[in-house]
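Here's a short set of exercises to work through with the viewer open. Try each task before you read its solution.

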Amino acid sequence: MAGRLRAPTGRYGGKTAEQRQAERRGRFLAAALRLFGDAPGYRGTTVASLSEAAGLSTRQFYEEFRTLEDVLAALHLQVNDWAEEAVLAAFAAAAGTPLVERVTAIFRAYAANVTSDPRRIRITFVEIVGVSPRLEEQRLARRARWVDLICAEATAAAARGEAAPRDYRLAATAFIGSVNGLLHDWSSGWVDATLDEVVDELVRQLLGILRPQGGPWQPS
């Protein structure tokens with residue numbers, strides 16, 4: 001009796017089936033970054049044009065994804081993961097330094113990562129917005145992770161006497177909105193400032209949120 005078709009599991013060309021699948025998926029995501037993050041954008045891209053840009057077939061597309069929305073969802077998570085990895089590395093490298101130095105190092109790392117390719121900013125702040133309730137939920141969930149990260153650092157800073165002890169969730173949420181808006185406007189050419197100036201402004205805003213009244217660590 002015929003059984004169900006299964007994906008091949010042997011080696012081909014020195015690569016396992018899992019390695020080949022990961023490679024194909026990576027090629028689709030790289031092509032999506034080019035098309036979704038520039039012209040024609042997510043809404044102007046078709047499965048056929050994405051497959052052609054990836055150098056793969058539409059049959060291979062449907063082996064990896066159900067819809068283009070699935071590709072956008074995966075790409076949005078990937079771009080955020082890259083930024084999060086950069087921030088966590090900066091956290092580790094700046095451990096033990098004064099608060100001002102830590103905050104500056106963290107935001108320089110974040111800004112350098114997300115602005116290293118303007119297409120990443122477009123994916124994160126433009127293309128993902130308004131696509132579907134599912135992607136809106138994902139976008140807000142990733143924003144919540146950034147809020148949690150800031151709240152954790154603020155709580156740790158408060159325990160060391162570097163920040164005012166309070167609930168930072170509302171302030172962190174407002175701050176993330178400022179980060180997203182300012183970086184998007186800067187990348188669009190609407191803000192006449194260097195990236196360093198943009199980061200310095202964001203650092204000042206965050207320190208203003210964290211600063212206790214009369215705190216001895218305040219910068220002059």
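The exercises below go from the overall fold to single residues, and the model behind them is a predicted one.

**Exercise 1: The fold at a glance**

Work out how many helices and strands the chain has, and how much of the chain is buried.

*Solution.*
- Step 1: Count the elements. You should get nine helices and zero strands.
- Step 2: Read them off from the N terminus, and the order is α-α-α-α-α-α-α-α-α.
- Step 3: Check burial. Of the 220 residues in the chain, 44% are buried.
- Step 4: Look at the contacts between residues at least 6 apart in sequence. Of these, 66% join residues at least 24 apart.

**Exercise 2: The nonpolar cores**

Find the largest nonpolar core and say which residues have the most contacts inside it.

*Solution.*
- Step 1: Gather the core. It holds 35 residues, and Val103, Phe107, Tyr110 and Leu210 have the most contacts inside it.
- Step 2: Ask where those residues come from. Helices H4 (68-93), H5 (99-114), H6 (118-127), H7 (133-159), H8 (169-187) and H9 (195-210) each put in at least two.
- Step 3: Pick the top contributor. That's H7, with eight residues, the largest share of this core.
- Step 4: Look for what's left. Apart from this core there is another one, of 24 residues, including Leu29, Ala73, Leu75 and Ile128.
- Step 5: Put it in context. In soluble globular proteins, nonpolar side chains tend to be buried together.

**Exercise 3: A cavity and a pocket**

Search the whole structure for cavities of 30 Å³ or more, then describe the lining of the largest cavity and that of the second largest pocket.

*Solution.*
- Step 1: Run the cavity search. One cavity of 30 Å³ or more turns up, and the space in the largest cavity is about 190 Å³.
- Step 2: List the cavity lining. There are 16 lining residues, and Ile106, Phe107, Trp146, Leu149 and Ile150 are the closest to the centre.
- Step 3: Trace that lining back to helices. H4, H5, H7, H8 and H9 each give at least two residues, and H7 has the largest share with five.
- Step 4: Sort the cavity lining by class. You get 14 nonpolar, one polar and one charged.
- Step 5: Move to the second largest pocket, which holds about 200 Å³ of space. Its lining has 15 residues, with Asn80, Thr124, Phe125, Arg139 and Asn180 the closest to its centre.
- Step 6: Trace this lining too. The elements giving two or more residues are H4, H5, H6, H7 and H8.
- Step 7: Sort the pocket lining by class. This time it's eight nonpolar, four polar and three charged.

**Exercise 4: Two residues up close**

Decide why phenylalanine 107 and alanine 90 count as buried, and find what they touch.

*Solution.*
- Step 1: Place phenylalanine 107, which sits in helix H5.
- Step 2: Apply the cut-off. Buried means under 20% relative accessible area, so phenylalanine 107, at 10% relative accessibility, counts as buried.
- Step 3: List its partners. Skipping residues up to four places away in sequence, phenylalanine 107 touches Phe175, Val179, Val199, Val203 and Leu206.
- Step 4: Try a C-alpha distance. Phenylalanine 107 and alanine 86 are 21 residues apart along the chain, with 9.7 Å between their C-alpha atoms.
- Step 5: Repeat for alanine 90, in helix H4. Alanine 90 has 11% relative accessibility and therefore counts as buried.
- Step 6: Skip its neighbours within four places in sequence, and alanine 90 is in contact with Ala105, Ile106 and Ala109.
- Step 7: Take one more C-alpha distance. Alanine 90 and arginine 102 are twelve residues apart in sequence and 8.1 Å apart in space.

**Exercise 5: Helix H6**

Which residues of H6 are buried, and which helices do they pack against?

*Solution.*
- Step 1: Select the buried residues of H6: Arg120, Ile121, Ile123, Thr124, Phe125 and Glu127.
- Step 2: Find their packing partners. These buried residues pack against H1, H4, H5 and H8.

**Exercise 6: The N-terminal details**

Find the cis peptide bond, then look at the span annotated as "DNA-binding region".

*Solution.*
- Step 1: Check omega. The bond joining alanine 39 and proline 40 is cis, with omega about 10°.
- Step 2: Locate proline 40. It's in the loop between helix H1 (17-36) and helix H2 (47-54).
- Step 3: Turn to the annotation. An unreviewed UniProt entry gives "DNA-binding region" for residues 46-65.
- Step 4: Describe that span. Residues 46-65 are 75% helix and 0% strand, with the end C-alpha atoms 13 Å apart.

Conventions: Residues numbered from 1 in each chain as written. Predicted model: local features only at pLDDT ≥ 70, side-chain atom pairs only at ≥ 80, totals over all residues. Heavy atoms only, no water. Core = buried A, V, L, I, M, F, W, Y, C linked by side-chain atoms within 4.5 Å. Buried < 20%, exposed > 50% of the residue type's maximum accessible area, 1.4 Å probe, protein only. Helix = DSSP H or I, 4+ residues; strand = E, 2+ residues; numbered from the N terminus. 1 Å grid on protein atoms, 1.4 Å probe; cavity = no way out; pocket = protein on both sides within 12 Å on 5 of 7 lines; lining within 4 Å. Points joined across faces, edges and corners; volume = space filled by probe spheres on them. Nonpolar A, V, L, I, M, F, W, Y, C, P; charged D, E, K, R; others polar. UniProt positions renumbered as here; feature names shortened; annotations may be inferred. Contact = heavy atoms within 4.5 Å.
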